[in-house]
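Take a moment to turn the model around before reading on. The paragraphs below walk through it one piece at a time.

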Amino acid sequence: MITLEHIYWLAGLMMAGVAIVNARDASNPRRFNNTAFWGTYSLTFLAGSYLPDIVNGFLVIGMVLVASIRGLGQGKKESATREERETSARRWGNKLFIPALTIPLVTVLGTFIFKKITINGSPIVDLKQVTVISLAVATLIALGVGIAMLRPPLLAPIKEARRLLDAVGWAAVLPQMLAALGALFAIAGVGNVVSGLAARWIPLDNAFVVVVTYAVGMAIFTMIMGNAFAAFPVMTAGIGLPLIVHRFGGDPTIMAAIGMLSGFCGTLMTPMAANFNIVPTALLELPDENAVIKVQIPTALILLAANILLMNFLVFRH
Amino acid sequence: MLTLVGIVIVVIGFVLRINPLLVVTVAGLATGIAGGLDPLAVVAAFGKAFITSRYVAIVWLVLPVIGLLEHAGLKERARAVVAGLRAATTSRVLLVYFTIRQITAALGLTSLGGHAQMVRPLIAPMAEGAAENQYGELPEKVRHKIRAHAAAVDNIALFFGEDIFIAIGSILLIRGFLEQNGIRVEPTQLAIWAIPTAICAFVIHCTRLFLLDRSLRAELSRETDEA
């Protein structure tokens, strides 16, 4: 059975390759920092499941120190000039889209097909992780198609991966770091403290005020935690269920559905949701790391207001 | 109250633009210690959580093939395709992508998108190409604005589409949580009540995208006036 662990080995090998290519690139003034960073990251994929938690913890701290004290560098930027790429684009035409579109199409197909394939009655992939595994399989197939079509030098894929990964830099690891922070927040009980404060300071004897508190609380708490999933249980146990449902007789289904979506408005406005908001600024080479958030804030605020009104009208209706 | 020290550190760190990796690590360690754990246990908890969330990094596996295709001119080709469509504008390219992304997400096809796979190699170059068609070479600032919009479209369409699909994580989480509290809800009901917000999101963001062409035109004519 293919499990997440096998996919992690693949990611570990890729990161190791990135570390090695960096070590050999004299055009990057901080190449050994990059090697140390991606090399350690590679180790967390290859060996993370087998090492004691404390060792993993120190590996992560080591990566953070390398990235923040002396910083990561980049080699010379492009592997081909714009003219070269335009000539190549004319030569290949729309065929270039085939490998690119293979990724999403095979990922989607994989999520359906892998569920159906069994060997001796046991599924071929770990069904709980079928989307992530399908994505990994899809990238391998797309890479195969791309190599067959373009016939690049042997090491070109890993060199290109290195170029893009170094452009993203430490932001590539930030989503995982924030997930770790969320776990520590949960262990320390940060959520209960926050909902306790909200309950103490806000007048909660008016149904509309309660709805506003719940929806805005979902958004703000999601901004703090970076994730609506972490905010939902806290806000719903603290304000939603006792007040909207039990005191004012609101419908729990409508409250929960719109409450979660109010949290998503918060996701659009926070750097803590790094994989949605910070990573793309790195991927798109934007100088302002808050550029995506700034574009999203107007939509998020208007939509949050719309959610409050929707909840207020719908939740007490019956 | 002391347990909130992590939140304070995060806010200060982001405001002062200290390296976020460092800010998050310090905030995590401080929160754990304030919560009464001993320092080594905090490091271990941090390491464990980092290892269990490795799956969010699997998306980086797309980089070898995307890099290879970019080297062969994928972005330039995406631009050229849009350049061949006279009706294409930045707004229209993004509106089409928004619509497709939201509908497919609502059908559970959330992986038909993403920043590394779709936005960087295809959508952003197409949106930029459409503007180049109309206005010629773009100033960096306008380029960056268009790219930020392309990333935002992917996020907003995904967030407010996926909750209409009954087997998505957030609906399963809501159902599980309410059940623990003695309330049984149907996933289909949760999905149905996500539709009004989805429609609002579509209307609000598509209106903004519709106005984007106009703001680009204003911005670019101002630039030429100054030059």
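A good place to begin is A:R151, which sits in the loop that links α6 (130–150) and α7 (156–168) of chain A. This is a predicted model, and in it A:R151 takes a positive phi of about 45° although it is not a glycine. Is A:R151 buried or exposed? A:R151 has 8 other C-beta atoms within 10 Å. A residue counts as exposed if it has 12 or fewer such neighbours, so A:R151 is exposed.

Now look for B:R17 in chain B, in the loop between α1 and α2. Its phi is also positive, near 55°, and B:R17 is likewise a residue other than glycine. Because B:R17 has 10 C-beta neighbours inside 10 Å, it counts as exposed. Its place in the chain is easy to find, since B:R17 comes just after α1(B).

That helix deserves a visit of its own. Helix α1 of chain B covers residues 5–15, and B:G6, B:I9 and B:V10 are its buried residues. Why can these residues be said to line one face of the helix? If you look down the axis of α1(B), the buried residues fall within an arc of 100°, so they line one face. Turn to the other side of α1(B) and you meet B:V8, B:I12 and B:V15, which are exposed. What do the buried residues of α1(B) pack against? Their partners are α8 (174–188) and α9 (190–201) of chain A, together with α2 (20–34) of chain B. The packing of this helix therefore involves elements of chain A as well as one of chain B.

From here we can widen the view to where the chains meet. In all, 94 residues of chain B are in contact with 110 residues of chain A. On the side of chain B that touches chain A, there are 62 nonpolar, 24 polar and 8 charged residues. For the complex, the predictor gives an ipTM of 0.89 and a pTM of 0.88.

Next, consider chain B as a whole. How many helices and strands does chain B have? There are 11 helices and 0 strands, and read along the sequence the pattern is α-α-α-α-α-α-α-α-α-α-α. The radius of gyration of chain B is 22 Å, well over the 17 Å that the globule rule gives for 227 residues, so chain B is more spread out than a compact globule. Along its principal axes, the C-alpha trace of chain B spans about 60 × 45 × 35 Å. Of the 227 residues of chain B, 56% count as buried. Among the contacts in chain B with a separation of 6 or more, 72% are between residues 24 or more positions apart.

The domain assignment of chain B gives domain 1 (2–52) and domain 2 (59–226), and the centres of these domains of chain B, taken over C-alpha atoms, are separated by 32 Å. As for confidence, the mean pLDDT of chain B is 90, and 98% of its residues reach 70 or more. Which elements of chain B have the lowest and the highest mean pLDDT? Helix α9 (residues 169–180) of chain B has the lowest, at 85, and helix α8 (residues 140–162) of chain B the highest, at 96.

Chain A can be read in a similar way. Its secondary structure comes to 15 helices and 2 strands, and its C-alpha atoms fill a box of roughly 70 × 50 × 45 Å along the principal axes. Of the 318 residues of chain A, 53% count as buried. Among contacts in chain A between residues at least 6 apart in sequence, 73% join residues at least 24 apart. Chain A is divided into domain 1 (4–170) and domain 2 (175–315), with 32 Å between the centres of these domains of chain A, taken over C-alpha atoms.

To finish, pick out A:V66 in helix α3 (residues 53–70) of chain A. A:V66 has 23 other C-beta atoms within 10 Å, so A:V66 is buried. Leaving aside residues up to four places away in sequence, A:V66 touches A:N33, A:A36 and A:F37. A:V279 is 213 residues away from A:V66 in sequence, and the two are 19 Å apart in space, C-alpha to C-alpha.

How values were computed:
Residues are numbered from 1 along each chain as its sequence is written. Chains are lettered from A and ligands numbered from 1 in the order in which they are written. This is a predicted model: local features need pLDDT of at least 70, side-chain atom pairs count only at pLDDT 80 or more; totals for chains, interfaces and linings use all residues. A residue is buried if 20 or more other C-beta atoms lie within 10 Å of its own, exposed if 12 or fewer, and partly exposed in between; C-beta atoms are placed from the backbone. Helices (H or I, at least four residues) and strands (E, at least two) are DSSP runs, numbered from the N terminus. The arc is that of the directions from the helix axis to the C-beta atoms. Two residues are in contact if their C-beta atoms, placed from the backbone, lie within 7 Å. pLDDT is the predictor's confidence in each residue, from 0 to 100. Ala, Val, Leu, Ile, Met, Phe, Trp, Tyr, Cys and Pro count as nonpolar, Asp, Glu, Lys and Arg as charged, and the others, Gly among them, as polar. Domain bounds come from an automatic or database domain assignment. The radius of gyration is taken over C-alpha atoms; the globule rule is 2.2 Å times the number of residues to the power 0.38.
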